[in-house]
Amino acid sequence: MKELEKTIPIPNDPFLRRYFLENAAFFDIETTGFSAKTAFVYLIGMAIRKKDSIHIIQFLAENRAEEAELINRFYQKICHASAIITFNGNGFDIPFLKTREALHHLKFNWEGFSYLDLYKTAGKLSHLLKLPNKKQKTIEQFLGIDRQDLFTGGDLIPIFYRYEKQQDAESETLLLLHNYEDVLGMAKLLPLLSYQEFFESPVSVSEASLTQETDKPSLFLTLPSIVPFPKQMLCQSTLADIKFRQKDVCLHVKALKGPLRHYFEPYQDYYYLPDEDRAVHKSVAAFVDSSHKKKATAATCYAKQDGTFLPQEDTLFTPCFYPEKKAKRSYFAFQGDFLSDKEKLAMYARHLLNAFYTSP
């Protein structure tokens with residue numbers, strides 16, 4: 001078995017310095033197949049941080065008989081970390097290692113770590129980032145990360161079998177390079193966490209304005225970010241648009257001009273007044289001539305209100321207004337003091353962000 005180590009300085013990168021702490025370790029395994037019962041591990045790469053440098057350590061089995069030694073040596077190194085960062089490690093790498101360690105009668109305590117799976121992070125953000133898939137190389141391309149290695153893990157299986165027979169330098173170089181770039185590539189995926197941190201952190205609104213010069217009024221909210229974003233982009237929905245800039249986010253909300261309708265319930269307690277196009281409670285309708293009223297239905301049990309209205313995915317602010325009874329989205333009335341109410345602005349901004357973050 002071979003153990004190789006390479007040290008590189010941490011670049012002046014705010015993401016690495018913020019998210020790659022000295023208690024953390026990245027790791028990635030290379031196997032001869034997907035089934036841990038029939039395939040085996042032939043290479044494990046890991047990365048740790050020591051002050052201002054990254055140490056990449058690789059454990060390479062020269063033949064399948066060295067798998068137990070390889071796994072055990074890896075365990076001896078990674079046990080010094082308290083946080084593990086992987087790409088689909090929770091779904092593949094760790095379950096695979098657990099199966100192989102059991103077959104070799106090895107014991108390792110996987111419970112003593114905190115875990116960050118960047119594959120899951122990418123999954124939460126994939127609809128925003130418009131990724132065609134969640135493969136590591138796809139995300140690297142999104143972030144503008146270049147690779148020397150052009151192989152997939154599957155491509156390397158026959159190369160390992162050739163290396164096992166011949167111990168040739170060319171095969172060894174290809175195996176190590178792919179794993180090295182996978183491990184280093186995970187560290188380079190850390191900028192994704194800036195988007196996740198933004199969505200999951202408390203919201204503050206630094207600027208708020210409403211334009212009403214046209215028939216299509218718009219609300220603009222500026223939200224500062226603790227961490228800069230690696231890529232500027234625009235995401236659109238029927239509720240709002242969100243623009244990620246370098247150090248902040250701009251929310252553009254499409255408002256509506258009224259009149260909109262506020263519906264009363266239960267409609268059985270109301271009468272509809274056709275001449276006034278509104279519903280009134282039966283206690284009030286008792287004073288209205290019967291020729292000018294009729295029992296309200298679910299569709300006619302409303303009062304109209306003019307003004308400017310802002311959309312909401314669920315009921316955040318009341319009363320709720322609708323363009324029509326069957327409308328799926330409700331609106332709330334914009335009031336003059338809304339732009340100066342920091343608490344309401346933050347609540348509304350969080351509401352909009354949650355709608356983006358949780359959308360499929």
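Helix axes are lines fitted to C-alpha atoms over the stretch in contact, and angles run from 0 to 180 degrees between N-to-C directions. The model shown is predicted, so local features need pLDDT of at least 70 and side-chain atom pairs count only at pLDDT 80 or more, while totals for chains, interfaces and linings use all residues. Residues are numbered from 1 along each chain as its sequence is written, and side-chain values use heavy atoms, with hydrogens and water left out.

**Figure 1. Packing of helix 6 against helix 7.** Helices (H or I, at least four residues) and strands (E, at least two) are DSSP runs, numbered from the N terminus. Helix 6 (residues 153–166) and helix 7 (residues 169–188) pack at an angle of about 145°, and their axes are 9 Å apart. Their crossing is left-handed, a term for a near helix turned anticlockwise from the far one by less than a right angle, clockwise being right-handed. In contact (heavy atoms within 4.5 Å), helix 6 contributes Gly153, Leu156, Ile159, Phe160, Arg162 and Tyr163, which meet Glu170, Ser171, Glu172, Leu174, Leu175 and His178 of helix 7. By class, six nonpolar, three polar and three charged residues make up this contact. Here Ala, Val, Leu, Ile, Met, Phe, Trp, Tyr, Cys and Pro count as nonpolar, Asp, Glu, Lys and Arg as charged, and the others, Gly among them, as polar.

**Figure 2. Burial and span of helices 6, 7 and 8.** A residue is buried under 20% relative accessible area, exposed over 50%, and partly exposed in between (1.4 Å probe, protein chains only). In helix 6, the buried residues are Leu156, Ile157, Ile159, Phe160, Tyr163 and Glu164. These buried residues pack against strand 1 (2–9), strand 2 (24–31), strand 3 (41–50), strand 4 (53–60) and helix 7. The expected span of a helix is 1.5 Å times one less than its number of residues. For the 14 residues of helix 6 it should be 20 Å, which agrees with end C-alpha atoms 20 Å apart. Gln167, with a positive phi near 50°, follows helix 6. Helix 7, of 20 residues, reaches 28 Å from its first C-alpha to its last, close to the expected 28 Å; 15 of its 20 residues are buried. Helix 8 (residues 192–200) is also mostly covered, with eight of its nine residues buried: Leu192, Leu193, Ser194, Tyr195, Gln196, Glu197, Phe198 and Phe199.

**Figure 3. The surroundings of Ile29 and Arg100.** Ile29 lies in strand 2 and is buried, with a relative accessible area of 5%. Not counting residues up to four places away in sequence, Ile29 touches Val41, Leu43, Ile44, Phe92, Asp93, Phe96 and Leu97. Arg100, in helix 3, is likewise buried, at a relative accessible area of 10%. With the same exclusion of residues up to four places away in sequence, Arg100 touches Ala36, Lys37, Ala39, Phe40, Val41, Glu67 and Ile71.

**Figure 4. Nonpolar cores and the contacts of Tyr348.** A nonpolar core is a set of buried Ala, Val, Leu, Ile, Met, Phe, Trp, Tyr and Cys residues joined through side-chain atoms within 4.5 Å. The largest has 66 residues, of which Phe26, Phe199, Phe244 and Tyr348 touch the most other members. Helix 10 (residues 342–358) gives the most to this core, with eight residues. Apart from this core lies another, of 26 residues, among them Val41, Leu106, Phe108 and Trp110. Tyr348 touches Leu219, Leu221, Val253, Leu310, Pro311, Leu316, Phe317, Phe332 and Phe338, not counting residues up to four places away in sequence.

**Figure 5. Backbone geometry in four loops.** Most residues other than glycine have a negative phi, and most peptide bonds are trans. The peptide bond from Glu265 to Pro266 is cis, with omega near -5°; Pro266 lies in the loop between strand 13 (260–263) and strand 14 (270–273). Thr318 and Pro319 are also joined by a cis peptide bond, with omega about 0°, and Pro319 is found in the loop between strand 18 (308–312) and strand 19 (330–333). Asn88 has a positive phi near 65° in the loop between strand 5 (83–86) and helix 3 (89–103), and is partly exposed at a relative accessible area of 25%. Lys130, with a positive phi of about 55°, is found in the loop between helix 4 (118–129) and helix 5 (136–142) and counts as exposed at 57% relative accessibility.
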